[in-house]
Amino acid sequence: MERERQYVMQTYARYPLVLQRGKGCYLWDVDGKRYLDLLSGIGVNALGHSHPRIVRAIREQSVKLVHCSNLYYHEWQGKLAERLHQVSGLQRTFFCNSGTEATEGALKIVKSYGNRVSPEKNEIIALEDSFHGRSLGAISITGQPKYRKDFEPLIPGVKFVPRHDLGALEAAVNERTAGIVLELIQGEGGIYPIGEKMTRTARELADKYNALLVLDEIQCGVGRPGTYFAYQLLDPPVMPDVMIAAKPIGAGVPIGVIMTNEKAAAALPAGMHGSTFGGGALACRVGYECMLLLEELMPHIRQVGGYFKSQLVDLSRKFGFIKEVRGQGLMLGVEIEFPCKQFVTDALAEGLLINVTHEKVVRMLPPYIITEREVDRAVRGLTRVFKKVGKTPA
Ligand SMILES: Cc1ncc(COP(=O)(O)O)c(C=O)c1O
């Protein structure tokens, strides 16, 4: 911790916890204390820690080929892209290394698509309280002033609308709109589903005005909602033109993807985009294994996610300060009446890793392999944390 303070840029406010190893849903610190991981590295370690099949894939691939650049082919990029196509219904994938990098690429697709129609078609619609990453492009469409204010001026032509305001969305979209960017369940913004009406209206408006619908599934997708992607929760699904995903795909190995239909892919022909590390052999091999495991886990995610949510709803009946329990699958939020960052520290003492987002929302993104027994353990820990507030359960 001292070395970090001396040599690492101080961009993060870290908790005083030095983690050393992990197995399944548990992590151990350097003193040997065990923690139940309800956050999965902010949605990354979706298969838990040291999953034997992921460890084996890393081992086998690391002694064969880690990276060879996108000047050549390797065995795994095509296989992973094919698998992603099968589960998403989208035709093409561009591989990169993080959510933010995927957002940047999606913005370039939107800009290029608009430019091909007309030089005036350069506006982007995004939502208030959204989060799309930390690069200049990503914060340009992130509807939270705290991430933007020190870096103005950002990309011009971005309009923000409140997440449930259909009228505002309709008023914002016009012939100049090149793209509409949505998270179907806002993560950083407090685990808020934006709802079917808003999603379908965005699709209709994008069609009406020849704009691209971009869905950011970086936090709410890749199995977390109990379907491969959040747009598949709707029946019939609302298909995006562009979808970006990252976090769990590499089970901890960095990988991000931009997926598109043919129309959107045509806006980014050869030479217009690239990424040195993107789609490396190791990342794609692990991503492929992860997608196989995901297929096996999908019914479990729905089942255990439903169980976890019902337990949290029970908890909300016992503690009057819980305003609402939200979320889908294993993306769950508990909104508290007051700012509750203290819960994170209290939970650490209880051996639980949780997070508070948007000041008042306890956010849980547990590994997909979590069991009901582990959920019970989590709920017992949370009960002890909530009791510390001083209000006794009814
Ligand atoms: C919805 C969403 N988009 C984009 C990002 C940025 O992803 P990354 O941190 O991998 O760059 C995140 C990260 O939390 C996210 O939740």
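**Helix α13 and a four-stranded sheet**

Student: What makes Glu372 and Arg373 on the other side of α13 buried or exposed?

Tutor: Glu372 and Arg373 are called exposed, since a residue is exposed if 12 or fewer other C-beta atoms lie within 10 Å of its own, buried if there are 20 or more, and partly exposed in between, with C-beta atoms placed from the backbone. This is a predicted model, in which local features need pLDDT of at least 70 and side-chain atom pairs count only at pLDDT 80 or more, while totals for chains, interfaces and linings use all residues. Residues are numbered from 1 along each chain as its sequence is written.

Student: Why do the buried residues of α13 line one face?

Tutor: The buried residues are Glu374, Val375, Ala378, Gly381, Leu382, Val385 and Phe386. Seen down the axis, they fall within an arc of 135° (taken over the directions from the helix axis to the C-beta atoms), so they line one face of α13.

Student: How do you know what span is expected of α13?

Tutor: The expected span is 1.5 Å times one less than the number of residues; α13 (372-387), with 16 residues, reaches 22 Å from its first C-alpha to its last, close to the 22 Å expected.

Student: Why is one side of β13 and of β16 left without a neighbour in the sheet?

Tutor: Four strands form an open antiparallel sheet in the order β13-β14-β17-β16. β13 (322-328) and β16 (355-357) stand at its edges with a single partner strand each, so one side of each has no neighbour there. Strands pair if DSSP finds at least two bridges between them, and three join β16 to β17 (361-364).

How values were computed:
Helices (H or I, at least four residues) and strands (E, at least two) are DSSP runs, numbered from the N terminus.
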